[in-house]
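User: I should like to go through the reasoning behind the labels given to this model. Please set each value against its criterion.

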Amino acid sequence: MSEAAVGYAREQGARFVEELKELLRIPSVSTAPEHVGDVRRAAEFVADGLRGAGLENVRLIETSTAVRKGHPLVYGEWLHAAGKPTVLLYGHYDVQPAEPLEEWKSPPFEPEERDGNIYARGAVDDKGQMWMHVKALESLLKTDGTLPVNVRVIVEGEEEVGGEGIAAFVREHGDTLKADVALVSDTEMFAPDLPTLCVGLRGMIYTELEAKGAATDLHSGMYGGAAPNPFVALAQMIAQIKREDGHIAIPGFYDGIEDPTKAELDAWRSLPFDEEEYRRHEVGSTELTGETMFSVLERTWSRPTMDVHGMPGGFIGAGAKTVIPAKATAKISFRLVPGMKPEETFAKYAEFVEEICPRGIQVKTTLIHSGEPIVVSTDNAYVRAATDAMAKVFGKETVFVRGGGSIPIVGDFVRQLGTPTVLMGFGLPDDNLHAPNEKFHLANFHRGIESIVRFLDGVGAVN
Ligand code: BES
Ligand code: MN
Ligand code: MN
């Protein structure tokens, strides 16, 4: 029974945190070529953790796509619970870049505990949450010597760059991951102490828009007024793609969108959400923007949007340089909601950009990566096992929310493998994912482990 495992997890909790710190010291930034070795070291660390927990057939699986070699997947299994369901546990060990470094109170890859939190890049997204899975398995195997279910574990190293390697693996070797249910801990709780299941994620396309003007950089005094400026052109195009009221002006962009049901919207309205508090303390801006006829939760969960992440090119050094750059780029992504298809959205966007491209500018649109939106079913025994587990740990009823972020492989688990997926995450709204001073609330790390132990136990009782 899970009580012994829960006791073990409590006793060993401090060690679990020390191990997590070791993993957090590895800068496994998947987008950065200079960190390929670190990414692999993190994969090895996870594999060792799985072996230590008692998983079998633990191995790294190399990935590659048509254009490049990818970061390895980590796989492990334990398949001795004859007649019991099989659970697929998913997480990712790669992290986002830590810059701007000067904004961190303690260095991003030197984990530090402060007021019940552990601060480091990847603390909550997703090393800390992935490690909860490993430690839940260890707690069960070291006490009971057995698991209440069969388990397959897959941990990827390219989630933060689109997850193409795991997508290819699922397409080609999906049977290796065959399971009755998948458990993903890579989302947030709606509020502290409020157990939460995430039932929907937005999809995305991440693109680069490159604008070219003159054949070479030009003196802006000699040529300014006659030569096209690619930055100005990008600004003009961006302003036409997304209007000030948040509406995306690409023709057909909103076609086919499936709105949330009335029941779902009603449930969202009853969540403890204070817009002014959110503006002030989470966003920290003078105003919230976007489509004001939709609530903030709708705008971030069930409405598509577009954002600009950076505009490389031109002069960005200190001081001044008077130049008209020959080319400029904008990194632009769109978040997609159910009913939208990444390829179709990209095609509409690329066509629109050609149409609105200012005179004298050549524009090129590149798709960097994409992922489908997903809404998961809540009406199954696995979801009940999750809410029962969290009711025991938190003493509260679970709320169902969506997440505005994306986890590309979840759509493939559901659509390609037909595996119902439970998104049981333990992050908090102020955990600073992708931002400076990312943290994980340590109480949630421990409650997460206990919830996962109880969830696995509950799934073992499903037949
Ligand atoms: N864990 C996040 C996604 C997330 C965060 C979902 C909060 C729900 C609530 C994930 O690691 C992530 O950041 N994904 C990227 C995906 C992209 C790079 C393909 C994202 O959403 O930007
Ligand atoms: Mn994540
Ligand atoms: Mn992330």
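User: What makes D125, E160 and H434 donors of the manganese ion (ligand 3)?

Analyst: In this predicted model, the manganese ion (ligand 3) is coordinated by D125 (OD), E160 (OE), E160 (OE) and H434 (NE2), at 2.0 to 2.6 Å. A donor must lie within 2.8 Å of the metal, so these atoms qualify.

User: Why is the arrangement around the manganese ion (ligand 3) called irregular?

Analyst: The six donor atoms subtend angles of 55 to 154°. For six donors to count as octahedral, opposite ones must be over 155 degrees apart and all others between 65 and 115. The range of 55 to 154° does not satisfy this, and the arrangement is therefore irregular.

User: How are the donors of the manganese ion (ligand 3) spaced along the chain, and why is the pair E160 and H434 said to tie parts together?

Analyst: The spacing is D-x34-E-x273-H. E160 lies in the loop between β6 (150–156) and α5 (164–173), while H434 lies in the loop between β17 (421–423) and β18 (439–441); the pair therefore ties together parts that are 274 residues apart in sequence.

User: Why do E160 and H434 receive their accessibility labels?

Analyst: E160 has a relative accessible area of 13%, and buried means under 20%, so E160 is buried. H434 is at 41%; because partly exposed covers values between 20% and 50%, H434 counts as partly exposed.

User: How do you know that D125 is shared by two ions?

Analyst: D125 coordinates both the manganese ion (ligand 2) and the manganese ion (ligand 3), which are 3.6 Å apart. The manganese ion (ligand 2) is coordinated by H92 (NE2), D125 (OD), D186 (OD) and D186 (OD), at 1.9 to 2.3 Å. With 6% relative accessibility, D125 falls under the 20% limit and so counts as buried.

User: What makes the arrangement around the manganese ion (ligand 2) irregular?

Analyst: Its six donor atoms subtend angles of 58 to 164°. Octahedral geometry allows no angle under 65 degrees, so the value of 58° rules it out and the arrangement is irregular.

User: Why is α4 described as largely enclosed?

Analyst: Of the 22 residues of α4, 19 are buried, so the helix is largely enclosed by the rest of the structure.

User: What makes the pairing of E159 with ligand 1 a polar contact?

Analyst: A polar side-chain atom of E159 lies 2.7 Å from an oxygen atom of ligand 1. The limit for a pair of N or O atoms is 3.5 Å, so the pair counts as a polar contact.

Definitions and conventions. Residues are numbered from 1 along each chain as its sequence is written. Chains are lettered from A and ligands numbered from 1 in the order in which they are written. This is a predicted model: local features need pLDDT of at least 70, side-chain atom pairs count only at pLDDT 80 or more; totals for chains, interfaces and linings use all residues. Side-chain values use heavy atoms; hydrogens and water are left out. Donors are N, O and S atoms within 2.8 Å of the metal (3.2 Å for Na, K and Ca); water is not among the atoms, so sites may look incomplete. Four donors count as tetrahedral if all angles lie between 85 and 135 degrees; four count as square planar and six as octahedral if opposite donors are over 155 degrees apart and all others between 65 and 115; anything else is irregular. Buried means under 20% relative accessible area, exposed over 50%, partly exposed in between (1.4 Å probe, protein chains only). A polar contact is a pair of N or O atoms within 3.5 Å; within protein, one must be able to donate a hydrogen and the other to accept it, and residues adjacent in sequence count only if both atoms are side-chain atoms. Helices (H or I, at least four residues) and strands (E, at least two) are DSSP runs, numbered from the N terminus.
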